[in-house]
Amino acid sequence: MFKSVFAKYMTAFMLIIIVSFTILAAIISSMMLNYSKEMKREVVFSASQTVRQYLESQYTDYYKQNGGTFSEFVNSTRSKIQGSMSIFVRYTGNLILIAADSDGNILVTDPVADNEIIGKVIPGTIVRDVYADGYYQQSNLSGILNGQFVIQGVEVKHNGEDVGMVFACSDASSESGLVQVMIKTIIMVSLWVLLAALIAAYFISERIIGPLKDMGRAAKSFASGKFDVRVPVSGQDEVSELAVAFNNMASSLSRLEEMRRTFIGNVSHDLRTPMMTIHGFIDGILDGAIPPEKHAYYLNFIRGETERLSELINTLLDISRIQAGERKFNMSAFDVCEMARLIIISFEQQLDEKKLNVEFECESEKMLVYADRDAIYQILYNICHNAVKFSREGGVYRVKIISREKKIYVSVYNEGQGIAPDELPYVFDRFYKSDKSRGLDKSGVGLGLYIAKTIIDAHGEEIWVNSVYGESCEFVFTLTPANESQKKKLSKGTKQEQQTT
């Protein structure tokens, strides 16, 4: 996984950088090339205009004094014209300046240019272009010049007539040279950036993929049943949050596995003990070891053990139905105060045996709630039974029902050992048993409160526990009061039952 993810990450990273710098090089090169061309055009245009104005001015003066053609003027003042051209070339860059007569015969060039081109004839097509609308091209003047030049050609006039022409030529090879330098520079920069990016990407990807590798190894350990492996956490970024979440999951799995083992041990004990008792008593009856007059006595023991087995099986079936989502709730209005009274009465013998100080507080004589009656009875009975079981002898045992903020709160309080603070978050987990020694809770398997929490959640209500370790414990859950229409349905049903009776 590491190599695959790393290779994909690095490949994508390098492709992005290469494509980005390629596009950047193309854009910058194009911009520089266009800029260079524009600059050359301005330079050759400005140079050609300046030389033309100079020649027109000098020829006018010459013509006034001596007369003669433009060719005669150039030939007689060649050195002076070349001197002026050399000044133009000096201040305008790497140029070649050419002057020709009206027929295209080259008469003079600047001193830097190759003097062998003097006397050559410019093709007629170029001459016509100059006289028609000016000449601007990248060419070699039909072989007159060596190499490609950006050329601007303009006509020279005298008294409104074309007497000659001027060409300003700038070497075009410098443009490609500039582009090459630019591309080389971008390539060098991109290589350094790519190297730095690769180094950074390696450490960043290692920072991301390293914890994933640790999680992969930990997951393999979980698959083999080892839940003590944890992923190192460093930093406060998303990867660290994932590592923390993974460790929390590992702790939950470890705790769940421990509770599962405890649950299996409890269930095994709760199945084995009554089965051994039943087996022993039945063997005694069949073998004649138990006299007939004692049969009824021991059969009562057997019935009690079968009831314990039946209760355990029903609890397991409840868990199975809840997990499969098959348990349906029949919502109706009922009096939760009356239900609490009946449950307390059912524990009368146990309350008397422990000499508990029983307190029952109900805000109203009748408090109607809307819920599944059997499910709430199961929850309240289980919580009240636990409160009796874990109460200290002579302690306070209180059931309180009050109405607050459009909710009815049902609480069951007892004085006793309570629940340790580090165990409070796990009270409603599956298989949880606070009395791991089975000193007080000899029959529970740690599913009652989980079932209660599941039922309360299905009703959209809340359940929680408040405990002062070594002193007391209180379980509280909420219910929704019945509205008027639900109360009317309850009253109609009650009247129908009375009439039937």
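Here are five short exercises with worked solutions on this predicted model.

**Exercise 1. Find the disulfide and say which parts of the chain it links.**

Step 1. Start with the sulfur atoms: a cysteine pair counts as a disulfide when its sulfurs lie within 2.5 Å.

Step 2. C337 and C362 pass, with an S to S distance of 1.9 Å. The count under this rule is one disulfide.

Step 3. Now place the two ends. C337 sits in helix α8 (residues 336-346) and C362 in strand β7 (residues 357-362), so the bond links distant parts of the chain, 25 residues apart.

Step 4. Finish with accessibility, where buried means under 20% relative accessible area. C337 has 0% and is therefore buried, while C362 has 22% and is partly exposed.

**Exercise 2. Classify C169 and C473 as buried or exposed.**

Step 1. Take C169: its relative accessibility is 0%, so C169 counts as buried.

Step 2. Take C473: its relative accessible area is 7%, which makes C473 buried as well.

**Exercise 3. Describe the surroundings of V89 in sequence and in space.**

Step 1. Locate the residue: V89 belongs to helix α3 (residues 78-92).

Step 2. Check its exposure. With a relative accessibility of 10%, V89 is buried.

Step 3. List the contacts, setting aside neighbours within four places in sequence. What remains for V89 is L95, L97 and D110.

Step 4. Look at one of these partners in detail. The C-alpha atoms of V89 and D110 are 7.7 Å apart, although the two residues are separated by 21 residues in sequence.

**Exercise 4. Work out the geometry of two aromatic pairs, Y377 with Y381 and F428 with F475.**

Step 1. Recall the two quantities you need: a pair of aromatic rings is described by the distance of the centres and the angle of the planes.

Step 2. Set the scene: searching the whole structure gives eleven aromatic pairs. One of them is Y377 with Y381, whose centres are 6.0 Å apart and whose planes differ by 20 degrees. Planes under 30 degrees apart count as stacked, and this pair is stacked.

Step 3. Ask why these tyrosines are about one helical turn apart. Both belong to helix α10 (residues 373-389) and are four residues apart, which accounts for that separation. Y377 is partly exposed at 35%, and Y381 is partly exposed at 32%.

Step 4. Turn to F428 and F475. Their ring centres are 6.1 Å apart and their planes meet at 90 degrees, so this pair is edge-to-face.

Step 5. Map that pair onto the chain. F428 is in the loop between β10 (407-415) and α11 (448-458), whereas F475 is in strand β12 (residues 472-479), so the pair ties together parts 47 residues apart in sequence. Both rings come from buried residues: F428 has a relative accessible area of 15% and F475 has 11%.

Step 6. Add the cluster: ring pairs also join Y59, Y62, Y63, F70 and F73.

**Exercise 5. Identify the residues of the nonpolar surface patch that includes M188.**

Step 1. Write down the members: I183, I187, M188, L191, W192, L195, I199, Y202 and F203. Together they make a patch of about 930 Å².

Step 2. Place M188 on the chain: this residue is in helix α5 (residues 173-223).

Step 3. Test M188 against the patch rule, which asks for over 30% relative accessible area. M188 has 46% and counts as partly exposed.

Terms used:
Residues are numbered from 1 along each chain as its sequence is written. This is a predicted model: local features need pLDDT of at least 70, side-chain atom pairs count only at pLDDT 80 or more; totals for chains, interfaces and linings use all residues. Side-chain values use heavy atoms; hydrogens and water are left out. Helices (H or I, at least four residues) and strands (E, at least two) are DSSP runs, numbered from the N terminus. Buried means under 20% relative accessible area, exposed over 50%, partly exposed in between (1.4 Å probe, protein chains only). Patches are made of residues with over 30% relative accessible area and no salt bridge: like charges are joined within 9 Å, nonpolar side chains (Val, Leu, Ile, Met, Phe, Trp, Tyr) within 5 Å. Accessible areas come from the Shrake-Rupley method with a 1.4 Å probe; for residues, only the protein chains shown count as cover. A salt bridge is a side-chain nitrogen of Lys or Arg within 4 Å of a carboxyl oxygen of Asp or Glu. Contact means heavy atoms within 4.5 Å. Rings of Phe, Tyr and Trp (its six-membered ring) pair if their centres lie within 6.5 Å; planes under 30 degrees apart count as stacked, over 60 as edge-to-face and the rest as tilted.
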